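Visitor: I have a model open and would like to walk through it. Can you help me read it?

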Amino acid sequence: MPSYTRLALMIASFPVCGVLAAAAPGVIATWSFDDGGALNKIAGGPAGKVERARPADGHAGKALVFEDWSVKNYLKPDPRVATRVVVPHDARLNPAPPFRVTAWIYPTADPVYYGGIVEKGQGYTSSYRLVLLRGLKLEGSLGDPRVSIKSASPITLNAWHEVALVTDGKSLTLMVDGAQAAQAALSAPPKPGSTDPLIVGERFTGSIDEVSLIAD
């Protein structure tokens, strides 16, 4: 099965001499982190701000390295030292289905609680979340109505994995390395509506690369 992220990069226009071109229909955002920041490769799309995450070699080009803030001081964990990318709310980050969220991840530690990969909001009011759970299983969720699915098998540490959360409005599917890892039916088409920022890497330990949001 072709890589979701690479497919997104092929159908999107790419920067020439540092100038971003218009995106192909459906591609909302591609944050490659190749510049050490969180520039959106799609012209006019929302960019993010890197907070304390550092650049390193990635799956393709550069990635960003994150660390769970709760392990830096077990007695008094301080979320103010979180390493993450914050993308301010933009209505385009709440697409109507069908859409998918994809990323390449390289976890280096089992999360203490969870490691956020891509999160648009929290809890029952979130639009969508893709996280790594303790035990190294992936979980994906949609809000309104709330549906959550989890992979049956853990992923491995210190290796690159492609993960994707996919909805066609009738079902929610979790993909890991090109294979279906979980799926659930939706009782109604989801209506993503969170006005919270989109966050990449909150409490995640390891590298994240090539994050994309694609409305199919």
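**Strand 9 and its neighbours**

Guide: Let us start with one pair: valine 131 has glutamate 139, in strand 9, as its bridge partner. This is a predicted model, where local features need pLDDT of at least 70 and side-chain atom pairs count only at pLDDT 80 or more, while totals for chains, interfaces and linings use all residues. Residues are numbered from 1 along each chain as its sequence is written, and side-chain values use heavy atoms, leaving out hydrogens and water.

Visitor: How many bridges join strand 8 to strand 9?

Guide: Five, and the two strands run antiparallel. Strands here are DSSP runs (E, at least two residues), numbered from the N terminus, and two strands pair if DSSP finds at least two bridges between them.

Visitor: What sits between strand 8 and strand 9?

Guide: Four residues, in a hairpin; glycine 135 in the turn has a positive phi of about 100°.

Visitor: And on the other side, what about strand 9 and strand 10?

Guide: That pair is antiparallel too, with four bridges. Leucine 142 stands opposite valine 147 of strand 10. Four residues separate strand 9 from strand 10 in a hairpin, and aspartate 144 in that turn has a positive phi of about 55°.

Visitor: Is strand 9 buried or exposed?

Guide: Five of the five residues of strand 9 (138-142) are buried, so the strand is largely enclosed by the rest of the structure. Buried means under 20% relative accessible area, with a 1.4 Å probe and protein chains only.

Visitor: Which residues are on which side?

Guide: Leu138, Gly140 and Leu142 are on one side, Glu139 and Ser141 on the other. In a regular strand the side chains alternate between the two faces of the sheet.

Visitor: What is the strand order in the open sheet?

Guide: The order is 2-5-14-7-8-9-10, seven strands with antiparallel pairing. Strand 2 (49-51) and strand 10 (147-150) are at the edges with a single partner strand each, so one side of each has no neighbour in the sheet.

Visitor: New topic: what does threonine 167 touch?

Guide: Leaving aside residues up to four places away in sequence, threonine 167 touches Pro97, Pro98, Phe99, Leu142, Leu172, Leu186 and Pro190. Contact means heavy atoms within 4.5 Å. Leu142 is one of the buried residues of strand 9.

Visitor: Where is threonine 167 itself?

Guide: In strand 11 (residues 161-167). Threonine 167 is buried, with a relative accessible area of 3%. A polar atom of its side chain lies 3.1 Å from the backbone nitrogen of glycine 169.

Conventions
Buried < 20%, exposed > 50% of the residue type's maximum accessible area, 1.4 Å probe, protein only. Polar contact = N/O pair within 3.5 Å; in protein donor to acceptor, adjacent residues only side chain to side chain.
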